[in-house]
Structure formats: C-alpha cells, structure tokens
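Trainee: I would like to take a close look at one loop and at what surrounds the helices beside it. Could you walk me through it slowly, with the cut-offs behind each term?

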Amino acid sequence: MMDLKDCGGVILTAFHSFRIHADEQKHAADNRKATYQRIGSMSLSPSAPERCVSRDSMEDYWSEMKNIEEERQGGPEELMERASVDEAELEEAWLQEAGLSTLVTGTQSDGPAEALLSTLTRSQAAMVKKRLDNYTQTLRKRNRQPMRHVRDVFSTPDASSELTPPVSPNGQIAPKLPQWNAPKVPPSCPADTNGSGSASETVVLSFDVPYSEGAGAHRKGRECQDCRRICKDDRDLPSFQIVRPRQGVTRVNDLSSEDIKKIGYISLIELTTFYDFLGIEMKRNRVVRSRARDCGIFGVPLTTLLENDQKKSPGSRVPLVFKKLLSKLEQTGLQTEGILRVPGSASRVKHLRQELELKFYEDRFDWDQVRQNDAAGLLKMFIRELPNPLLTQQHLPAFTAAQSISSPKHQIQALHLLILLLPEANRDTLKALLEFLRKVVAYEEKNRMSLWNVSMIVAPNLFTFRGKNVKQEEMQGAVAAAQLVRLLITHQDLLWTVPCFLISHIRKMNEAATGKKTPTSEKSKRRLLKRWNLEKERERSEVTDFRDGVIRVHAPLHAKVSMAIQLNAEMKARDIMARFDIENGRGSRSAARRQRQYLFEVGGNIGERCLDPDAHLLDVYRVNPHCEWVLKSRLT
C-alpha cells in the first residue's frame, strides 16, 4: 500500500507532467501563430506574388485560420485510405478524365477517343502523346507491359503538317475525318509598349482560338505581351471585355449533359497544353477514398446530397441545405457588419449543426433561431467538411498553380478551363456561393466587407478540408488562392460561359463520331436505310427552303406550333422569340405569366444548345445546317 509520502510524490510528478504538457501546447500554439504571421509577412513582401494583399486582409486570414483550427480541436479525424503517389496511376487517371481510357485499356468501345483525337490541334495532340509516352515509360520501369506503345497510337508528325493524323483507339490510323482548324483572328489584345498596365486598361478576350495557341510565344522563347501586365494593386487590375461571337455566347447550362461531358475532355487537354506553354507543371492530387457518410448533411458528398434532395425537390442542382443557408444570410445578414468575418458562438453553432442533422429533412428545423453569424459559420463548416473539396481534390494543385501566372489575362483563361473541368454538382454549388459573395461585397459600405476581406476569409475554407493536415506550404498556398477567389467573385459570369473554340471541338467530335458509325447487322442496316430515306424525303420537300435560307421553327407549347422563317444576315434569336410572342398574343396578362421560351438548336452536330438571344441565326445555320429549331423553356 502506498504511503502518504509516495502518494504526494506521484501527485507532484503528475502535476509536473501536466505543466510540461500545458507549456508544450502553449508553445505549439505560439509557433502556429508565428507561422501564420510569418506567412502573412511573406505575402506582404513586394517580391511575393501576393503583393496586392493588405495587412488588414491578412489579419482576416489569420483569424479565419485560427477559428478553423480551434473548431477542429477535439473533433474526430477523417479516416482516409492513403497510398503512395504512383506516376503511372496519375497518368492513367489523366487519360481517363480526358476521355482517352481506351488508349490505356486497349479495348474497343463506342467512347469518344477516336473522334476526340481527330479534332485536336497539333499542340494538343503533342501533349496527349507526351502523357501517353510518360505512362508507357513508367510501366516499363516497373516491368509491366503497356497495352499499346505510344508509337501504335501516334505516328511521327510531318514538320509541315498542322494536325496529328487521326488514330483509332485500337492503334490503327483511322479514315480521314473532319478536322478542326483554328481560325486566324487578330490578336486578342494590343501590345503594351510601356510594359505595364494602367488603371483604366481593358483587356479584350477572344473565344475564337484555343488559349494554348495564344500562349505559343512562351514555347518559342518570345516575350509574351500579356505577361508584361502585372498586378500592382487591386485598382490596377484590368477589366475584361468579351468579343461577342456572332453565334452567340454559350453558358454552361445551355448545353446538353453529353456535350458538357465532352467539353470536360477537351478542357483538360487544353489546360494541360496551356500550362505547358506557360512553363507550369500540371500537377494532380491522387483521389483518395474516404469513409463518407451516405445520409445526413455535414460530411456527405455533394452527389449523395443531391440524390437525396431530388427525391424531395426534383431538379435540384444545389444542395437544399446550402441554398437555405445562403437564403437565410441574404435575408438577414448582407448588411450585418463583419458578416463572414465575425464568428458565431461555437456552442450555438455546434447545437444548430446537431439540430440540422436531425430535423432539416423532416421540415422541423426552426430557422428563426439562427443568427446571422451562426449561419455564416454553418455555411463555412459545410464547405470545409465536404469529403471531396468543392474545387475537387485532383484539381486543387491546378487552381493553386494559376496564382503563379503573372498575366491577369492568362489567369482568367486558366480559371475558365478549370471551371469547365469541375463536376456538375461542384460547379453549380460553387456558382451559388460566388453569387452570394458578390452580394456581400455589394453591401460593403454597411457590412465593412471589401472584396479582399471576403476573399481572404473564403480562401482557407475552399482550400482546407476535412482529413487534410494543414502544413505551412499549404497555408501559404491558401493565401495565394485568395487572389483566385477574388477573380472568381469578380468574373464569375465570364467564367461560366463556354468558349467558341470548345463548341467548335464539340461540333467536329459529333460529326466525326457520326461519320465513323457503321451498321453491324442486317436489321440495323435496314433501320439506317429507312432513316436515310425519310431524311432525303424531308430534304426534297424543303429543298426550296434550304436554298433560300429558310428555317422551320417548332414551338410545341404555342398555339402556332410551327413557322417557316426567312433568315437574313442580321436576324437574331430574339427576333424569332418576339415573332412567336406576337403571333400567339403574348401581350395578354395570362400570357405574361407563362415561362419564357428560348430558341434551341437541336441535333445535327450538337446535342442541344440554348441560343443566346443575340445569336445571329444565319451564322448558326451555316455551321449546323441539319439541326432542328425548337422554341421551348429552359430547364434552369
């Protein structure tokens, strides 16, 4: 039995150990704070890329990181399946995401590989060859035989050829298919003879040619005029003016889901080529599997949330709880001083989180009890705890790398391609967030939240997620990412459009895919022959219309369901919409309550595209003469 003296010694030893542990924790906390502040001072250095950051906004960043760390203390750690980064697996993942999985598997399929390869520019094809070659060499180092050598996929291009010969996924040279050629247009923006931008400078963006073609000066060793325009201050950033294409501006949601999928393939190849020209390594994080929840709200994948939400609200594109939090903040928080910056009560936020998990889907949650700052805390917590970050784990390095681009024009172009790479659920949720943040900045005079304040607070939440250990270099990357958040907020409307050169790729891909399809059985041959005969009959019946540039517009929801219209060089989609409104008496009160109708081009060399009201129809007709013209309402 322990005597009093020994017992006292044990107590003293335990107390001494406790003091040491407490001192160690305090020392660690001081070190973390010093680290944050050191990173902040690095960002304020004139030579650092983050030279536009003010001391006030850096204080916001430090406070937000401190809040995130305090919230995590004592919380459960996310269990992830970790594995060593394998270069061959990363290259294979790149090829699969680019729609070229058949180059890896060696199997025949109806995939887009053959059609996609036939439309690539020479630079884009060279990048695919480089990635496939790297994949092959890595497998050989591991004594594994690749399914096909790169020589079986790409022939050596002739020095005088502009495009790589099309190849089929089984390694054989395919028949010559319609190929995409970059149109020659004047430079997007004039040369800057002074070597610096001005506060009133406007940079013109053209969507006609691939961004990698415009960055070709880097590869040839010439000075890029766009890269001489370097940010000095937020007020010195140029504004961007889009050259409106005659075929109209296309927004992401204007296209069919199949065509958007193909846009993702081309965007990845184009972004990798673009970064290569700029001297930036296209890094990718390996996607690791996490033990994600399949029900509830926090820590649930976006796709799972949307599947559950669509049972309750069909057609939902953004998680219902996320929309409700944004709505709550817009109703009560836009004019609140320090909204997003001033944290809510940790105990209240914890309680509200539990209440949301239990009662949200049963419609029993009381939103009146939620204060503005608590709602902001819940919103940021939702973003951070997504199992896969909002910007996606595999593309986070590419987002961060965009900060090292010195030209604002090239930065916007990189972000443009990255947005098109995001999965649909991530892209739609990000857009909802950015629209809200733009409203917060619009009330700056009342809420004291400038664009930089908002960007510095949101950046750690976008680039820090559950299961990720926050290291110094990662925090420094998050500070740099605040520059990107600012660009995302400011130029979100531009970034959610689809450039013309990508639409051209899609048209050529669809034409190539249609051209290579051959009937495989007598039954399918008879069906195809019947369809051809029907199409020829229709062409003969409308031959006069086609010769005279007449189109037939179908409007199934109108009283007059069809109308033949003579096109001219200046006729726009809005003119057709107005004509149907007049013919169907849209001026009445009951008609005014109807959902607005838009003109679509359907079929031909596109799946479906909702036309910009300012699209010149004769130009659309010339690039897609076999489409149908349909007047209907948009889904979103």
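Trainee: Is T392 buried or exposed, and what is its relative accessible area?

Mentor: T392 is buried, with a relative accessible area of 0%, where buried means under 20%, exposed over 50% and partly exposed in between, computed with a 1.4 Å probe on protein chains only. Before going further, please note that this is a predicted model, in which local features need pLDDT of at least 70 and side-chain atom pairs count only at pLDDT 80 or more, while totals for chains, interfaces and linings use all residues. Residues are numbered from 1 along each chain as its sequence is written, and side-chain values use heavy atoms, with hydrogens and water left out.

T392 lies in the loop between α14 and α15 (396-401), helices being DSSP runs of H or I with at least four residues, numbered from the N terminus. The backbone of T392 has a positive phi of about 70 degrees, although T392 is not a glycine. R448 is likewise a non-glycine residue with a positive phi, here about 60 degrees, and R448 sits in the loop between α18 (444-447) and α19.

Both α14 and α19 take part in the largest cavity: α14 (372-384), α17 (424-442) and α19 (451-463) each supply at least two residues of its lining. A cavity is a set of points on a 1 Å grid over the protein atoms alone where a 1.4 Å probe fits but cannot get out, and lining residues have an atom within 4 Å of a point. The structure holds three cavities of 30 Å³ or more, and the largest has a volume of about 70 Å³, a volume being the space filled by probe spheres set on the points, which are joined across faces, edges and corners. Its lining consists of L340, L379, K380, I383, L433, L437, I457, V458 and N461. By class this gives seven nonpolar, one polar and one charged residues, with Ala, Val, Leu, Ile, Met, Phe, Trp, Tyr, Cys and Pro counted as nonpolar, Asp, Glu, Lys and Arg as charged, and the others, Gly among them, as polar.

Helices α14 and α17 also appear beside α11 (residues 302-312), in which L302, T304, L305, L306 and D309 are buried. What covers these buried residues includes α12 (320-332), α14 and α17, contact meaning heavy atoms within 4.5 Å.

Key: 1 Å grid on protein atoms, 1.4 Å probe; cavity = no way out; pocket = protein on both sides within 12 Å on 5 of 7 lines; lining within 4 Å.
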